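Q: I am new to this structure and should like to learn how to read its features. Could the discussion proceed one feature at a time?

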Amino acid sequence: MTLFLFSGTLLVGVGIAIGNVLLPVVVKDKFPQKFGLMTSIYSTSMGLFASLASGISIPLANDLNLGWQGALIV
């Protein structure tokens, strides 16, 4: 079971690292005139969704009686 946890963590880490390197290149290729605007949009959206996930985790765990495990699954 621990092997799966570490393997999944490794895969997620590699995916995040590759995405963080490739996404600015793709944005600059697709939107060369609006690179700054598009970079700020995707940076803002990443922060917004991360804060949204943090904000709804407690109501999911408590109000829907999912517990912390269920909130993490959602």
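The dialogue below takes up helices, bends, burial, loops and a surface patch in turn.

A: It should be said at the outset that this is a predicted model.

Q: How does the length of α2 compare with the span expected at 1.5 Å a residue?
A: The expected span of a helix is 1.5 Å times one less than its number of residues. For α2, with 29 residues, that gives 42 Å, and the end C-alpha atoms are 42 Å apart, so the two values agree. Helix α1 also has 29 residues; its first and last C-alpha atoms lie 41 Å apart, close to the expected 42 Å.

Q: Where does each of these helices bend, α1 and α2?
A: A bend is read as the angle between axes fitted to the seven residues ending at a position and the seven starting there. In α1 the bend is about 30° at L22, and the proline P24 follows within four residues. In α2 a bend of about 30° is found at I56, with the proline P59 following within four residues.

Q: Is A71 buried or exposed?
A: A residue counts as buried under 20% relative accessible area and as exposed over 50%. A71 has a relative accessible area of 14%, and therefore it is buried. This residue belongs to helix α3, which covers residues 67–73. Leaving aside residues up to four places away in sequence, A71 touches S57, L60, A61 and L66. Its C-alpha atom is 9.6 Å from that of A53, although the two are 18 residues apart along the chain.

Q: Which residues of α2 are buried, and what covers the buried residues of α2?
A: T39, Y42, L60 and A61 are buried in α2. Their cover includes α1 and α3.

Q: What is the phi of N65, the residue in the loop between α2 and α3?
A: N65 has a positive phi of about 55°, although it is not a glycine. Its position is in the loop between α2 and α3. N65 is exposed because its relative accessible area is 68%.

Q: Where does P32 lie?
A: P32 is found in the loop between α1 and α2. Its relative accessibility is 54%, so P32 counts as exposed. Between the C-alpha atoms of P32 and V74 there are 36 Å in space, and the two residues are 42 apart in sequence.

Q: Which residues make the nonpolar surface patch?
A: The patch, of about 470 Å², is made by L10, V14, I18, V21 and L22. One of these, L10, is placed in helix α1, residues 2–30. With 58% relative accessibility, L10 counts as exposed.

Methods. Residues are numbered from 1 along each chain as its sequence is written. This is a predicted model: local features need pLDDT of at least 70, side-chain atom pairs count only at pLDDT 80 or more; totals for chains, interfaces and linings use all residues. Side-chain values use heavy atoms; hydrogens and water are left out. Patches are made of residues with over 30% relative accessible area and no salt bridge: like charges are joined within 9 Å, nonpolar side chains (Val, Leu, Ile, Met, Phe, Trp, Tyr) within 5 Å. Accessible areas come from the Shrake-Rupley method with a 1.4 Å probe; for residues, only the protein chains shown count as cover. A salt bridge is a side-chain nitrogen of Lys or Arg within 4 Å of a carboxyl oxygen of Asp or Glu. Helices (H or I, at least four residues) and strands (E, at least two) are DSSP runs, numbered from the N terminus. Buried means under 20% relative accessible area, exposed over 50%, partly exposed in between (1.4 Å probe, protein chains only). Contact means heavy atoms within 4.5 Å.
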